[in-house]
Amino acid sequence: MESMKQWLLIIDGGATKTACVLVHTGAGEIQYSTSTTGSNYQAIGVESATAILQGLLANIETFLLKHPHSQIAVATFALAGIDSPKDYEIVTGIVQNALAATKLQIDTLIIENDAEATLLGVTAGQAGALLIAGTGAIAYAYDGQQIVRAGGWGHRAGDEGSGFWLGQEVVRAIFKMEDGRGEPTILKDAVYHTLGIQDVTELAEWLFQPSYTNAQLAKMGSFVAKAVEQEDACAIQISLQAAHELALLIRAILKKIGYQKGAFPLYCNGGAIKHNPLILKTFIEKIALTYPQVDIKLCQQPPIIYLIERTKRAYDCL
């Protein structure tokens, strides 16, 4: 049977995108990859999340038909939305139902929170921390024994410093500007142009249209960095506040992990921090004030690459 354990399947399901790869255990290289929309059941519902995974797995099944006697040694489903035992139970059901629609043979199935899995992948299983400031914002730290977390509580009440939060602040600033409650900002022109709208009532209508998604609002947050370059006071203030919020996340997890001093890597990923130089610079300065020995690094690879490494280690342990 060992000869049948040819493949590692990794699915990374976030709020905005779901990436999927197949890695050959012999060559250790990606043989197949694809991606689709986000699969966080908390955002799109159980049925939609199941359908997205079913579509990806059907494509995997079609690919493996070209490779007779194939078997998946380890399948890692690193999915957003696993924040509690109840979430884990729900997501496990989603994965199992998606798999039931296929004839895929899987030896070892791993289902875990996407950020937690990425942390263990990027640190190669060693102590360290990970900040993800993408559509949402969440931080994890690992001391070699336990994993702690802060943030990631969703757009309705949390995710401060995230792309969604930035977009929300942009829209709020525009409403305030149009009302006469806030200062003028060039962010208005960028948003109106992108949406093809003319006035603030159309902006309000867009927010409540059936096709609205959190990812669309997060896209509005991407305009902040450009406005900062043009010295827009509103964009600068939003960026500084975002850096403050992200720094609070890191301080929280370092306290939870009991970090005192010494070299400790902190990896940062996500467009909100990687694509806004002012947020990154201010964030680094804030962390350095309190924790000068924390080594901040930007993730150079997409999360799926770190998940591959994590899955390879799981395979090696079989």
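**Notebook: helices H5, H6 and H10**

I looked up the contact between two helices, and found that Trp165, Leu166, Glu169, Val170 and Ala173 of H5 meet Cys234, Ile238, Gln241 and Ala242 of H10. I sorted this contact of H5 with H10 by class and got seven nonpolar residues, one polar and one charged. I note that the model is predicted.

Next I looked up the geometry of the pair. H5 spans residues 163-179 and H10 spans residues 233-257; I read a packing angle of about 145° and axes 11 Å apart. I noted the crossing of H5 past H10 as right-handed.

I then went to H6, residues 187-195. Which residues are buried in H6? I listed Leu187, Lys188, Val191 and Tyr192. They lie on the same side of H6 because they cover an arc of only 120° around the axis. I entered Asp189 and His193 as exposed, on the other side of H6.

What do the buried residues of H6 pack against? I wrote down H5, H7 (200-207), H8 (214-221), H9 (223-229) and H10. Both helices of my opening entry, H5 and H10, are thus among the partners of the buried residues of H6. After H6 I found glycine 196, with a positive phi near 65°.

Back in H10, I looked up serine 239, which is found in that helix. Is serine 239 buried or exposed? I put serine 239 down as buried, because its relative accessibility is 0% and buried means under 20%. Leaving out residues up to four places away in sequence, I found that serine 239 touches Val224, Val228, Asn276, Leu278 and Ile279.

Last, I checked the cysteines. How many disulfides does the structure hold? I counted zero. For cysteine 299, which is in no disulfide, I looked up the nearest cysteine sulfur; it belongs to cysteine 268 and is 7.3 Å away. A disulfide needs the two sulfur atoms within 2.5 Å, so I did not enter this pair as one. I recorded cysteine 299 as buried, with a relative accessible area of 1%. Cysteine 234, which I had already listed in H10 at the contact with H5, has 17% relative accessibility and therefore counts as buried.

Technical notes: Residues are numbered from 1 along each chain as its sequence is written. This is a predicted model: local features need pLDDT of at least 70, side-chain atom pairs count only at pLDDT 80 or more; totals for chains, interfaces and linings use all residues. Side-chain values use heavy atoms; hydrogens and water are left out. Axes are lines fitted to C-alpha atoms, for helices over the stretch in contact, and angles run from 0 to 180 degrees between N-to-C directions. Helices (H or I, at least four residues) and strands (E, at least two) are DSSP runs, numbered from the N terminus. A crossing is left-handed if the near helix is turned anticlockwise from the far one by less than a right angle, and right-handed if clockwise. Contact means heavy atoms within 4.5 Å. Ala, Val, Leu, Ile, Met, Phe, Trp, Tyr, Cys and Pro count as nonpolar, Asp, Glu, Lys and Arg as charged, and the others, Gly among them, as polar. Buried means under 20% relative accessible area, exposed over 50%, partly exposed in between (1.4 Å probe, protein chains only). The arc is that of the directions from the helix axis to the C-beta atoms.
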